[in-house]
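This report describes the fold of one protein chain, from its sheet and helices to its core and a single loop residue. The sequence and the coordinates come first.

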Amino acid sequence: MANTYYFKINAVDAYTQKDDFQNVVYNVHWSYFAEDENGNKVSMIGVQSVSEPNSENFTPYEQLTQADVISWIEPIMHLEAMQQNLDNQLFELVNPTKV
C-alpha cells in the first residue's frame with residue numbers, strides 16, 4: 001500500500017495593507033506529512049512565498065481556508081522530491097540504520 005501525504009498550514013504572514021488590499025498573505029508556513037499503512041508518520045516543515053494577488057483572484061483573509069492556501073503552494077513546490085524525502089524518512093524509521 002502506498003504512503004499517504006498531506007499538508008497542514010501552521011501560519012501565514014500577511015501585509016496589513018498591499019496596494020488596494022488588506023491582510024495580504026505573502027508567506028505560508030507549512031508542515032507536510034507522510035503516513036504508511038501501519039500508522040508510522042514523518043514530516044517536514046518549511047515556508048513558501050506566494051505571489052501577490054490581483055483583483056480577479058484575491059480572497060479576503062477572513063474567508064481563507066486551509067484548502068485555499070494549500071492550493072496556492074502545491075503547484076509551486078517540488079512535491080515529488082518532498083515525497084521521496086518523506087518515503088526515505090519512513091523507511092529509516094521502520095528499518096533503522098543508525099542508533
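Across which strands does helix α1 lie, and at about what angle to β1 does it run? Helix α1, residues 66-73, lies across β1, β2 and β3 and runs at about 95° to β1. This holds for a predicted model, as does everything below.

**Overall layout**

The secondary structure consists of two helices and three strands, and from the N terminus the elements follow the order β-β-β-α-α. The C-alpha trace spans about 55 × 25 × 20 Å along its principal axes. The radius of gyration is 17 Å, whereas a compact globule of 99 residues would come near 13 Å. Of the 99 residues, 25% are buried. Taking contacts between residues at least 6 apart in sequence, 57% join residues at least 24 apart.

**The sheet**

The three strands make an open sheet, ordered β1-β2-β3, with antiparallel pairing. Because β1 (4-18) and β3 (41-49) each have a single partner strand, they stand at the edges, and one side of each has no neighbour in the sheet. On average, neighbouring strands are turned by 20° against each other, direction ignored. Strands of a sheet pair through backbone hydrogen bonds, in either a parallel or an antiparallel way. The two pairings in this sheet are listed below.

| Strand pair | Bridges | Direction | A pair of opposite residues |
|---|---|---|---|
| β1 and β2 (residues 21-35) | 13 | antiparallel | Lys8 and Ser31 |
| β2 and β3 | nine | antiparallel | Tyr32 and Met44 |

β2 and β3 also form a hairpin, with five residues between them. In its turn, Gly39 has a positive phi of about 85°.

**The helices**

Helix α2, residues 79-94, also lies across β1, β2 and β3. Its direction is about 150° to β3.

Which residues of α1 are buried? They are Val69, Ile70 and Ile73. Viewed down the axis of α1, these buried residues fall within an arc of 100°, so they line one face of the helix. An α-helix has 3.6 residues a turn, so residues three or four places apart point the same way. The cover over the buried residues of α1 includes β1, β2 and β3.

**The nonpolar core**

The largest nonpolar core holds 18 residues. Phe7, Ile9, Val28, Trp30, Tyr32, Ile73 and Met82 have the most contacts inside it. β1, β2, β3, α1 and α2 are the elements that give two or more residues to this core, and the largest share, five residues, comes from β2.

Val28 is one of the residues with the most contacts in the core. Apart from its neighbours within four places in sequence, Val28 is in contact with Ile9, Ala11, Val12, Gly46, Val47, Gln48, Val50, Val69 and Ile73. Among these partners, Val69 and Ile73 are buried residues of α1.

**Glu74**

Is Glu74, in the loop between α1 and α2, partly exposed or buried? Glu74 is partly exposed, because its relative accessible area is 34% and the partly exposed class lies between 20% and 50%. Leaving out neighbours within four places in sequence, Glu74 is in contact with Phe7 and Leu79. Glu74 and Val94 are 20 residues apart in sequence, and their C-alpha atoms are 28 Å apart in space.

How values were computed:
Residues numbered from 1 in each chain as written. Predicted model: local features only at pLDDT ≥ 70, side-chain atom pairs only at ≥ 80, totals over all residues. Heavy atoms only, no water. Pairing = 2+ DSSP bridges. Helix = DSSP H or I, 4+ residues; strand = E, 2+ residues; numbered from the N terminus. Axes fitted to C-alpha atoms, helices over the stretch in contact; angles between N-to-C directions. Contact = heavy atoms within 4.5 Å. Buried < 20%, exposed > 50% of the residue type's maximum accessible area, 1.4 Å probe, protein only. Arc of directions from axis to C-beta. Core = buried A, V, L, I, M, F, W, Y, C linked by side-chain atoms within 4.5 Å. Rg over C-alpha atoms; globule rule 2.2 N^0.38 Å.
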